Amino acid sequence: MSLRRTKIVATLGPASSTAEVLEKMILAGLDVARLNFSHGSPDDHKARAKLVRELAAKHGRFVALLGDLQGPKIRIAKFTHKRIELQEGDHFRFSITHPRDAGTQEVVGIDYPDLVKDCKVGDELLLDDGRVVMRVEQTTEDELHCVVLIGGPLSDNKGINRRGGGLTAPALTEKDKADIKLAAEMELDYLAVSFPRDAADMELARRLRDEARSSAWLIAKIERAEAVADDESLDALIRASDGVMVARGDLGVEIGDAELVGIQKKIILHSRRYNKVVITATQMMESMIHSPMPTRAEVSDVANAVLDYTDAVMLSAESAAGDYPVEAIKAMARVCLGAEKHPTSITSNHRLGQEFERCDESIALAAMYTANHFPGIKAIISLTESGYTPLIMSRIRSSVPIFAFTPSRQTQARVALFRGVQTIPFTPEAYLTSQMSQAAVDELLKRNIVQPGDWVLLTKGDSYHSVGGTNTLKILRVGDHLV
Ligand code: G6P
Ligand code: MG
């Protein structure tokens, strides 16, 4: 069992769809597989999900599945030959009437009719997370005429942002609504909502999720200037979600790269404060799309996110379309482990001086306080239904592993995203109450996680299956007669 605490999310795509590659990715440490609904058909996603689940089961690993909704991201349509190359000074047009699959060196279709209305002469448009930049020179009924300021390659379905943000588009598109149903059908563990503006967008997503009978946890992607304009807006969005993603691609384009590092730290800190899980994403190992090793700057970026205490770091094109998907996971795993040795990864100053809101929260935090201050403690066993108790625990910096003991398949997968949490399938009602603690500790002994003489913490509630019911913390010595 891996002792790495920080989790690895990797996007699946053409480079990572065969059983052979996926198996290597899982063995290299993949914790959460991201299915990007902006690309690929429902059948592609279903096939990948099926493979991931089969291969994870084959190796006794627990890998969560995260569906990422396309959202109202404005994207160009397709090119006749998939990709063009633009030079500085070239003239290029975006058209709401041009055929969707027949882009050329001069013009490409666009799916969002309001773009032409939303833009004016002089606006700067950033394509593919800012790799290509254009300025609007002229607008007509159905086209924007632009001049290229920074050239580069442009391929099918790349995104467009306007510098400074503020493009208007409703948060959930018709495609997203269909994909929420797909997520329910596929029993996905997480669903990421793209470009939410505020809590109301997340509440709408939650309603649609419930209507579709999905129990996926909702991740708000923080990627609009509006979402981080002030603490109140950010906190409201975080509180309306089960977790958040620092979606640095679009966010960096909208707020500028200089602001990004400070905002990343703030989003991670605030998410943990509200007991939410947080993923740091975009370009973390970008050079590994074509290189078997990361740059020092990338190593430093991943390590810094680990020190900020993110739950997970994410790969996008590196694993979806790159030449080295397996090496990218290995590199991330290695760098996470290195950064986790640093004292800032282990010592917690979190929430000292703050009040707790709930009983289970009080128990979870008491467990962490004990774990961090009683050197004999080698593991924490948390009996959990939904994963919530271990989630609260894992908001606290620590080197003691947290084990989510649960009979629920979905919770076993879900906790794959939580920092420092591993799962062990366990059905407490299979044992007499007086034998349950021993049975739980036996699971750790069996896996060589603890030895006789070690101390273990165990949390639970008074009755089985009651979400939010945790009210007990036990301190157990392995090898003693436990009741
Ligand atoms: C298990 C335990 C219960 C406890 C629950 C907490 O079901 O048997 O005693 O109340 O987990 O679940 P939660 O989802 O709140 O972590
Ligand atoms: Mg984005």
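**Entry 1: Thr-282**

I began with Thr-282, which counts as buried because its relative accessibility is 15%; buried means under 20% relative accessible area, exposed over 50% and partly exposed in between, with a 1.4 Å probe and protein chains only.

A note on the ground rules: I am working on a predicted model, where local features need pLDDT of at least 70 and side-chain atom pairs count only at pLDDT 80 or more, while totals for chains, interfaces and linings use all residues. Residues are numbered from 1 along each chain as its sequence is written, chains are lettered from A and ligands numbered from 1 in the order in which they are written, and side-chain values use heavy atoms, without hydrogens and water.

I found Thr-282 in the loop that joins strand E16 (277-281) to helix H9 (296-308). Helices (H or I, at least four residues) and strands (E, at least two) are DSSP runs numbered from the N terminus.

What does the side chain of Thr-282 reach? I see the backbone nitrogen of Gly-249 at 3.4 Å. I log that as a polar contact, a pair of N or O atoms within 3.5 Å; within protein, one must be able to donate a hydrogen and the other to accept it, and residues adjacent in sequence count only if both atoms are side-chain atoms.

Not counting residues up to four places away in sequence, Thr-282 touches Asp-129, Ala-247, Arg-248, Gly-249, Met-314 and Ser-316. Contact here means heavy atoms within 4.5 Å.

I also looked up backbone angles: Thr-282 is a residue other than glycine with a positive phi, near 95 degrees. Gln-283 has a positive phi too, near 60 degrees. Gln-283 belongs to the loop between E16 and H9, and its 38% relative accessibility makes it partly exposed.

**Entry 2: the magnesium site**

Which residues coordinate the magnesium ion, ligand 2? I noted Glu-223 (OE) and Asp-250 (OD), at 2.1 Å. Glu-223 sits in the loop between strand E14 (217-222) and helix H6 (231-239), and Asp-250 in helix H7 (residues 248-255), so the pair ties together parts that are 27 residues apart in sequence. Donors are N, O and S atoms within 2.8 Å of the metal (3.2 Å for Na, K and Ca), and sites may look incomplete because water is not among the atoms.

Are Glu-223 and Asp-250 buried or exposed? Both are buried, and for Glu-223 I have a relative accessible area of 2%. The Glu-223 side chain also reaches the backbone nitrogen of Phe-195, at 2.9 Å. Beyond its neighbours within four places in sequence, Glu-223 contacts Ser-194, Phe-195, Ala-247, Asp-250, Leu-251 and Glu-254.

**Entry 3: helices H8 and H9**

H8 (residues 257-273) has 17 residues and reaches 25 Å from its first C-alpha to its last, close to the 24 Å expected at 1.5 Å a residue. The expected span is 1.5 Å times one less than the number of residues.

Where does H8 bend? I find a bend of about 25 degrees at Ile-263; the bend is the angle between axes fitted to the seven residues ending there and the seven starting there.

The buried residues of H8 include Leu-260, Ile-263, Gln-264, Ile-267 and Ile-268. A reminder to myself: an α-helix has 3.6 residues a turn, so residues three or four places apart point the same way. The buried residues of H8 pack against E14, H6, strand E15 (243-247), H7, E16 and H9. Asn-275 follows H8, with a positive phi near 60 degrees.

H9 has 13 residues, which should span 18 Å at 1.5 Å a residue, and its end C-alpha atoms are indeed 18 Å apart. Its buried residues are Glu-298, Val-302, Ala-303, Ala-305, Val-306 and Asp-308. They pack against H8, E16, strand E17 (312-315), H11 and helix H12 (343-346). After H9 comes Tyr-309, whose phi is positive, near 75 degrees.

**Entry 4: Ala-339 and Leu-3**

I placed Ala-339 in helix H11 (residues 325-340), where it is buried at 7% relative accessible area. Setting aside neighbours within four places in sequence, Ala-339 contacts Ala-303, Val-306, Leu-307 and Ser-345.

Leu-3 lies in the segment before strand E1 (7-12) and is exposed, with a relative accessible area of 67%. Its C-alpha atom is 8.3 Å from that of Leu-337, although the two are 334 residues apart along the chain. Outside its neighbours within four places, Leu-3 contacts Leu-337 and Glu-340.
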